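Grab a coffee and open the viewer: here are some short exercises, each with a worked solution. Try each task on your own before you read on.

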Amino acid sequence: MNCCRNSEHCSAYMDQSKRRRGRREGDGRKSYRPSLRKERSKRLSLCLVGMLPVLVVHGGAGQIPKERVEMASAGVRAAARAGYAVLQGGRSSMDAVVEAVTNLENNPSFNAGYGSVLNVKGEVEMDAIVMDGRTLASGAVSAVRNIANPIQLARLVMEQTSHLCLTAGGAGQFARAMGMPEVPGDSLITEYARMRWKKNLAPNANPVESQMGKMGTVGAVAVDEDGNIACATSTGGMLNKMEGRVGDTACIGCGGYADNRAGAVSPTGHGEAIMKVTLARLILFHMAQGMSPEEASDLGLATMKERVEGLGGVVTVDPQGRWAARFTSTQMAWAAAQGGTLHFGVFSGEDVTQDIGDPS
């Protein structure tokens, strides 16, 4: 997914817009961004450099069964609309990514919140992270139980403590102290998750392959109208994992990273592989060297595949509002909202567009 396929057109447009901004702004402000004429063509709809706000979400990388493809696509589209509505209301990128991921956590089609995969004991343990690109503040939780929306708890860690991550029982104590309601563990378990857990108790089962296969970690990245960037990622982890296992999601630089100077990334895939290459930070390093979100995402994913044989996907955004949704797995459900247009896809090379107000 290349958000700027005609670089000459975009560069010329930005040069022109800068000249207009210089004529229209006499107070030195840099917040002016030109409004682009709404075009239906694919090329121009992807050349929205400087079109803020923008939000991109993913529903996990893997191989989605045919009967669940539409559910996954509908889920990410709904989450993108929810997060984008927050941005359109003038609220922050952090508000938007948390709203989008909360929406996905409440959707049983995804491996986060309600619908999380089960550990080897048949229980739900979840990880989540948020990061604010303006201040580099971050909050995360790992191996949490009985919390419907771990992403909201991660935000509380960022805003109400001096720590970056709380885990297991300590995270639960903190949730209670913050007044976050607990829910019964069974209320987070779907019949689909229970079926997969039982299936993968067999001695010859491959939990890594299965985790990449049917339900996904969820995440979002966004840039608000003030140019501030944020990311959020949430997961139930790896299917049939050992009790207490923590993957990439809760680890800053692995399961997410946001920096106003470079951009934001939310990954999905095999957590151990993502951690070995610190995927989110690796991609932003390449972007800081001048690569586009697509180029940096492809290089980061290629590095992970070459060095540790890991497959996965990412959603990425830069400070100018250019974005990418890239993956090396068979599929990844994703959606992006920008300039009143919703982009979405599941299969490689797929980019369907519709008006953001279209409920279909």
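## Exercise 1: A closed-off space

**Task.** Find the residues that line the second largest cavity, and say which classes they belong to.

**Solution.** Start with the lining: 12 residues surround the second largest cavity, and G237, R245, D248, G269 and G271 are those nearest its centre. Next, sort the lining by class: one residue is nonpolar, nine are polar and two are charged. Then add the volume, which comes to about 80 Å³ for this second largest cavity. To put that in context, searching the whole structure turns up three cavities of 30 Å³ or more. Keep in mind throughout that this is a predicted model.

## Exercise 2: The overall picture

**Task.** Work out how many helices and strands the protein has, and what percentage of its residues are buried.

**Solution.** First, count the elements: the protein has 11 helices and 13 strands. Second, check burial: of the 360 residues, 59% are buried. Third, look at how far apart in sequence the contacting residues are. Taking contacts with a separation of 6 or more, 67% of them link residues 24 or more positions apart.

## Exercise 3: Two cores

**Task.** Which residues have the most contacts inside the largest nonpolar core, and which helix gives this core its largest share?

**Solution.** Begin with the size: the largest nonpolar core holds 55 residues, and L55, V57, V97, V130, V141 and L153 have the most contacts inside it. Helix α3 (residues 66–88) supplies the largest share of this core, eight residues. Now zoom in on V57. Once neighbours within four places in sequence are set aside, the contacts of V57 are V76, A80, A100, G219, A220, V315, A333, W334 and A335. Finally, don't miss the second, separate core: it has 36 residues, including A264, V265, V317 and M332.

## Exercise 4: Two residues from one loop

**Task.** Take S116 and N119 in the loop between α4 and β2. Are they buried or exposed, and what do their side chains reach?

**Solution.**

1. Place S116: it sits in the loop between α4 (93–105) and β2 (126–132).
2. Check its burial. The cut-off for buried is under 20% relative accessible area, and S116 is at 0%, so S116 is buried.
3. Follow the side chain of S116, which reaches the backbone oxygen of G113 at 2.8 Å.
4. List what packs against S116. Beyond neighbours within four places in sequence, S116 is in contact with F110, N111, V124, M126, L188, A193 and G236.
5. Move on to N119, found in the loop between α4 and β2. N119 counts as buried because its relative accessibility is 0%.
6. Look at the side chain of N119: one of its polar atoms lies 2.9 Å from the backbone nitrogen of K121.
7. Look further along the chain. N119 contacts E125, R145, W197, N240, K241 and E243, leaving aside neighbours within four places in sequence. N119 and G237 are 118 residues apart in sequence, yet their C-alpha atoms are 8.4 Å apart in space. You met G237 in Exercise 1, among the residues nearest the centre of the second largest cavity.

## Exercise 5: An enclosed helix

**Task.** Explain why helix α10 counts as largely enclosed by the rest of the structure.

**Solution.** Count first: α10 (residues 279–288) has 10 residues and seven of them are buried, so the helix is largely enclosed by the rest of the structure. The buried ones are L279, A280, L282, I283, L284, H286 and M287. Then ask what covers them: the cover includes β7 (257–259), β8 (263–269), α9 (271–277), α11 (293–308) and β9 (312–317). Take H286 as a test case: its relative accessibility is 13%, so H286 counts as buried. Beyond residues up to four places away in sequence, H286 touches M291, A296, L299 and G300. After α10 comes G290, with a positive phi near 110°.

## Exercise 6: Backbone oddities

**Task.** Which two residues does a cis peptide bond join, and where are L136 and N240?

**Solution.** The cis bond joins L52 and P53, with omega about 5°. P53 lies in the loop between α2 (42–45) and β1 (54–62). L136 is not a glycine, but its phi is positive, about 65°; it is in the loop between β2 and β3 (138–144). With a relative accessible area of 40%, L136 is partly exposed. N240 is not a glycine either, and has a positive phi of about 60°. N240 is in the loop between β6 (229–235) and β7, and at 11% relative accessibility N240 counts as buried.

Terms used. Residues are numbered from 1 along each chain as its sequence is written. This is a predicted model: local features need pLDDT of at least 70, side-chain atom pairs count only at pLDDT 80 or more; totals for chains, interfaces and linings use all residues. Side-chain values use heavy atoms; hydrogens and water are left out. A nonpolar core is a set of buried Ala, Val, Leu, Ile, Met, Phe, Trp, Tyr and Cys residues joined through side-chain atoms within 4.5 Å. Buried means under 20% relative accessible area, exposed over 50%, partly exposed in between (1.4 Å probe, protein chains only). Helices (H or I, at least four residues) and strands (E, at least two) are DSSP runs, numbered from the N terminus. Contact means heavy atoms within 4.5 Å. On a 1 Å grid over the protein atoms alone, a cavity is a set of points where a 1.4 Å probe fits but cannot get out, and a pocket is an open set with protein on both sides within 12 Å along at least five of seven lines; lining residues have an atom within 4 Å of a point. Grid points are joined across faces, edges and corners, and a volume is the space filled by probe spheres set on the points. Ala, Val, Leu, Ile, Met, Phe, Trp, Tyr, Cys and Pro count as nonpolar, Asp, Glu, Lys and Arg as charged, and the others, Gly among them, as polar. A polar contact is a pair of N or O atoms within 3.5 Å; within protein, one must be able to donate a hydrogen and the other to accept it, and residues adjacent in sequence count only if both atoms are side-chain atoms.
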